[in-house]
Amino acid sequence: MTDDQAYQNLEGLGAAPLWRFYGNLFPAQPRSRAVPFRWSWQDLRPHLLHFSKTLSLHEAERRVLMLVNPGLTDPPATVTTLYAGLQIILPGETAQAHRHTSNAFRFVLEGEGAYTTVNGEPVRMAPGDLLLTPGWHWHDHTHQGDAPMIWLDALDYPLVNALEAGFYEQYHQRLQPLTRTADLGSRQFLHGRLTPTWLTPDGTGNSPVTRYPWQETARALDAIADDATGSEVDGIALEYTDPFTGGPVMSTIGCRIHRLRPGFDGAGRRHTASTIVNVVRGEGATIVDGVRLEWSEHDTIAIPGWATYRHVNASASQDAVLFSYSDEPVMRALGLYRTEPGDPGA
């Protein structure tokens, strides 16, 4: 038997020679299929408004424009483990109740008067609010305002599906009944370090807070940001946390808010966590592996895992504020988180 014959025979036996794949199986460092990319709010918003007029929620269930990374088109994802999309709902509309294994949240960009019902609790929406929908929680949307409501959808379905652990179920009627007081999951916890003694963690690793209101986030930034030193990489960066553990808001997703002072020119960094950033306000740039991504209000950018990045606030007089989320909790839980300084270029 020759080597060629032996290699050919192995294919039919469900085996392969490790030595021919060694470099691919154990790379010297991570190489993400995701690429640095920016999605323009100004370019995408008109398309959202167009489809809101031509496509009903009864036809679409969720009227969302997925933010698909050019390197992750099949299946579509924004970075390797996480997804982002722009969702719109019009006054008077409702969105079908459903639940799925994937953890999800929405970060509100525009509009007033809508609420998400999460396991029977109506949770109001306003710009800058962060609303959590942990995995396998029923959720639907109702809009009682008078203008379009748009938010950033975030899910960890690329990770869940890669692990082949995804389940999905529709509720037996369009909307679930309201069984809890509005915003109770927010009002019980957002009082500094005063946590209700009669409540305990549910064991999922997800925060019990249903809504982190922008007014509280802005108050925290305003209270410390003029005096705090902050990070030379990420500016005045605050993490949304679980009040029971002080850890991330979800077992698979960590969320942060960043204030970049006028003229901020950040240091370069890279880490194994994949990150998605949405611009709350301001103008600037994020340089990722030599690619300069210029951004303005509500743009979204992808920073692949192990890509070197740095942030720049282009204004000499105005703050820039960024919202970011990443799979850092997963990387840390699995012992895979690594970080080091790096120079992504000008």
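In this predicted model, helix 7, made up of residues 214–224, lies across four strands: strand 13, strand 14 (254–260), strand 16 (275–281) and strand 21 (320–326). Against strand 13, the helix runs at about 140°.

Those four strands turn up again in an open sheet of six, ordered 1-19-16-21-14-13, with antiparallel pairing. The edges belong to strand 1 (37–39) and strand 13 (236–239); each has a single partner strand, so one side of each goes without a neighbour in the sheet. From one strand to the next, the twist averages 20°.

At the strand 1 edge, the partner is strand 19, which spans residues 300–303, and the two pair in the antiparallel sense over three bridges. Within this pairing, F37 sits opposite A302 of strand 19.

A little hairpin detail comes next. Strand 17 (residues 284–288) and strand 18 (residues 291–295) pair up over five bridges, again in the antiparallel sense. Here T286 faces L293, which belongs to strand 18. Two residues separate the strands of this hairpin, and D289 takes a positive phi near 50°.

Elsewhere along the chain, an unreviewed UniProt entry annotates residues 86–153 as "domain: Cupin type-2". In the model, that stretch comes out as 60% strand and 0% helix. As for its two ends, the C-alpha atoms of residues 86 and 153 are 6 Å apart.

Conventions. Residues numbered from 1 in each chain as written. Predicted model: local features only at pLDDT ≥ 70, side-chain atom pairs only at ≥ 80, totals over all residues. Heavy atoms only, no water. Pairing = 2+ DSSP bridges. Axes fitted to C-alpha atoms, helices over the stretch in contact; angles between N-to-C directions. Contact = heavy atoms within 4.5 Å. UniProt positions renumbered as here; feature names shortened; annotations may be inferred.
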